[in-house]
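Visitor: I'm new here, and I'd like to know what stands behind the words people use for a structure. Could you show me this one and let me ask?

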Amino acid sequence: MDFTNIDWLKITRLVLLSRELDRLEVEQLTPQGKVKYQFSASGHELTQVLLGQALTHPHDAATIYYRSRPFMLSCGLSVTEALQAGMARMGSPSAGRDVGVMYNLPRRDGLTVLPASGDVGAQYTPAVGWAQAITYHERVLRETDWSGAMAVAMGGEGSIAANGFWAALNIATTLCLPMMFLIEDNAYGLSVPAGIQTPGGEITANLSGFKNLYIIDCDGTNPLTALELIQTALEHVRAGLGPCLVRSQVVRLTGHTFVDDQAYKPAEVQLAEAERDPVKQLREFLRAEGLKQGHTDEQIQAEWDQLVEQVKTELDAALTAAEASPEPEPSQVTQHLFFEGLAPKQGGLRPENALPALGSNTPQPSGPRINLIDAVRRTLETELALNPRMLVFGEDVGLKGGVHGATLDMQTHFGPARVFDTSLSEDGIIGRSVGMALAGLLPVPEIQFRKYADPAHEQINDIGTLRWRTANNFAAPVVVRIPVGFGKKTGDPWHSVTGEAVYAHSLGWRIAFPSNAEDAVGLLRTALRGEDPTFFFEHRALLDTVEGRRPYPGDDYCLPFGKAARLTDGDELTLVTWGAMVSRCLEAQRSFPGRVTVIDLRTIIPWDQEAVLESTRQTGKVLIVHEDTQTAGFAGEIMAVLSSQAFTDLDAPPDRLAIPDVPVPYNIRLMDAVLPTVERIRGRIEALLAY
Ligand SMILES: Cc1ncc(C[n+]2csc(CCOP(=O)(O)OP(=O)(O)O)c2C)c(N)n1
């Protein structure tokens with residue numbers, strides 16, 4: 001952006017467009033019930049419009065929030081699209097699926113706007129991921145067209161109290177990333193004053209000692225100071241000097257939403273806010289500039305009136321177009337949760353990413369039996385060698401090689417840009433993966449233990465719905481590896497969780513849960529060449545025990561998801577299981593030779609319904625064994641399908657054996673008291689056979 005020749009008329013037109021759009025919605029469309037959620041940006045427009053004009057690098061990206069419509073208009077969202085979004089019509093960036101102000105914008109000329117999240121604070125770590133991806137594209141892939149690009153994350157001052165903000169700030173400053181935080185401080189987070197979010201409401205003062213952070217604080221309602229703050233921040237970040245945090249002090253001239261009457265805001269505050277209205281200040285600024293250039297007051301007024309008229313005409317035309325646009329088609333509402341053959345516009349496994357195609361689904365076992373953890377390491381290594389866009393990271397995965405050894409020596413082989421330690425923030429690990437995936441990389445984060453994924457659940461859920469929310473504009477196929485389950489010597493409530501049912505209920509995720517090294521290789525490779533976000537569970541009791549050992553099935557082996565393994569053939573009972581319970585079930589069924597069919601599901605989402613139903617038709621009896629706790633465990637889902645689709649095939653009520661609804665205990669006798677043991681499985685088989 002050439003700041004010396006700034007087109008103030010264009011800036012003013014965009015500011016007025018946003019203001020009039022808000023007015024139209026507040027005065028007409030919301031009362032008419034045509035817009036359901038109205039978030040006015042009145043008072044926030046100026047900084048956003050200026051910033052939108054400046055983000056012109058083809059690899060710039062921004063994450064936004066619900067008050068970012070002026071920025072969107074400045075970045076090329078048409079007024080018609082904005083209205084279609086509010087009115088939930090086709091043509092909107094989410095095809096009517098998401099709240100109107102939850103925008104996304106695949107790259108048109110320059111900037112990419114990453115899919116917005118409704119979770120306050122969730123916008124920061126994906127932007128950091130994009131910023132880290134910029135450095136990766138530039139330094140590792142040597143794609144010089146990424147040089148000078150930057151990421152921006154925008155949020156209100158309330159959002160700086162959220163976990164995501166701190167996770168992102170830590171990462172951006174520690175890695176000195178090309179990133180700008182734009183905090184639009186309107187002094188209220190809904191009704192809560194800024195002093196509740198940070199001491200004294202002064203985030204910039206409070207951050208003043210933060211290393212590697214350039215801080216700017218200014219009035220974002222004043223044309224000249226707003227321009228200067230954007231200019232200075234961008235120059236700093238684009239010069240490669242590291243992240244910048246801008247606090248733009250703005251005003252919120254309306255309620256938080258259409259239904260908020262601001263009763264909590266004193267009248268004098270509201271009056272003072274009206275005085276600082278950026279439109280008013282812009283008008284005064286343009287008048288002063290006009291007078292300097294020798295125009296008369298009348299000429300200046302006439303030009304202003306003309307601009308307002310133009311904006312109103314544009315709005316009228318856009319409204320007509322938006323009202324004429326179709327409603328989304330209800331029969332398509334289930335589309336795009338997963339990849340369905342159509343590449344998203346951005347992110348995901350796209351042709352230019354040149355990811356390897358799926359390999360052979362026939363194993364070619366050779367060599368000695370290897371541990372499951374070695375199988376994982378070898379697969380990661382072969383895929384890292386094949387795919388330069390793949391990155392492996394997490395806590396202690398670098399020099400140490402992971403607390404389970406899955407990434408041993410990997411950093412030495414592939415370098416610290418591709419295999420690296422992260423800060424201790426699961427929110428940051430998964431959140432940055434979103435931005436990386438959207439920037440065309442394949443992030444493969446490790447979460448140290450299943451329970452420690454808890455802080456990342458906001459991002460996990462947002463990744464899963466991302467393709468659906470954007471109607472396939474974007475997709476973020478991240479492969480998250482997590483060691484799960486009890487250990488070979490002990491259990492405990494923190495390291496021994498499996499919790500697959502929680503993820504099975506997290507929309508848009510696939511879940512692999514291998515029971516041995518061969519399946520681990522095949523499933524992990526399929527995940528790494530796949531199009532959808534995937535959890536890959538590595539059971540702790542199988543990592544280096546005899547139960548998990550198998551010969552390596554080859555560098556090309558890909559095991560499809562949703563294909564169960566039928567491990568034994570029996571006529572009288574179908575035993576469905578997965579993970580570390582597989583070997584226990586196999587041992588238990590040995591007491592009933594020829595009577596029990598053991599099915600290892602191998603993947604939970606999708607799960608092989610056909611294999612289970614087919615076997616049920618033959619045996620008439622089903623036992624499901626899992627390690628996750630019982631209530632709302634995945635066995636419940638299988639039983640529901642059986643009762644609706646195999647009711648007449650059943651000779652006995654389906655049974656399940658799971659951990660009762662308590663955490664896994666530390667004391668080994670207590671642990672054995674809750675885990676499905678071989679003896680207990682045997683007992684259930686016996687009872688069911690005798691039914
Ligand atoms: C994680 C989360 N918690 C709570 C909310 C509900 N909520 C939406 S906006 C908001 C206030 C945010 O204020 P601020 O960040 O200052 O932005 P502003 O609305 O003032 O622009 C709250 C509490 C939410 N969307 N997400």
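Guide: Let's start at the ligand: it has 16 residues around it, and Tyr 65, Tyr 66, Arg 67, Gly 158 and Tyr 188 come nearest. To be near, a residue needs a heavy atom within 4 Å of the molecule. This is a predicted model, where local features need pLDDT of at least 70 and side-chain atom pairs pLDDT 80 or more, while totals for chains, interfaces and linings use all residues. Numbering runs from 1 along each chain as its sequence is written, and side-chain values use heavy atoms, without hydrogens and water.

Visitor: What makes the pair between Tyr 188 and the ligand a polar contact?

Guide: A polar contact with the ligand is a pair of N or O atoms within 3.5 Å. A backbone N or O atom of Tyr 188 is 2.8 Å from a ligand oxygen atom, so the pair qualifies. The side chain of Asn 186 also offers an N or O atom, 2.9 Å from an oxygen atom of the ligand. Gly 118 uses a backbone N or O atom, 2.9 Å from a ligand nitrogen atom. On its own the ligand has 590 Å² of accessible area (Shrake-Rupley method, 1.4 Å probe), and the protein covers 69% of that.

Visitor: Why are E2 and E7 called edge strands?

Guide: Strands are DSSP runs of E, at least two residues, numbered from the N terminus; helices are runs of H or I, at least four. Two strands pair if DSSP finds at least two bridges between them. The open sheet has six strands in the order E2-E1-E3-E4-E8-E7, with parallel pairing. Strand E2 (112–113) and strand E7 (214–219) each pair on one side only, so they are the edges.

Visitor: How do you know that E1 and E2 pair?

Guide: Two bridges join strand E1 (residues 61–63) to E2, and at least two are needed, so they count as a pair. In one of these strands, E2, Thr 112 is the bridge partner of Ala 61.

Visitor: What makes Ala 187 stand out by its phi?

Guide: Phi of Ala 187 is near 75°, positive in a residue other than glycine. Most residues other than glycine have a negative phi, and most peptide bonds are trans. Ala 187 sits in the loop between E4 and strand E5 (188–189).

Visitor: Where is there a cis peptide bond?

Guide: Between Ile 605 and Pro 606, with omega about -5°. Pro 606 belongs to the loop between strand E22 (603–605) and helix H19 (609–619).

Technical notes:
A polar contact is a pair of N or O atoms within 3.5 Å; within protein, one must be able to donate a hydrogen and the other to accept it, and residues adjacent in sequence count only if both atoms are side-chain atoms.
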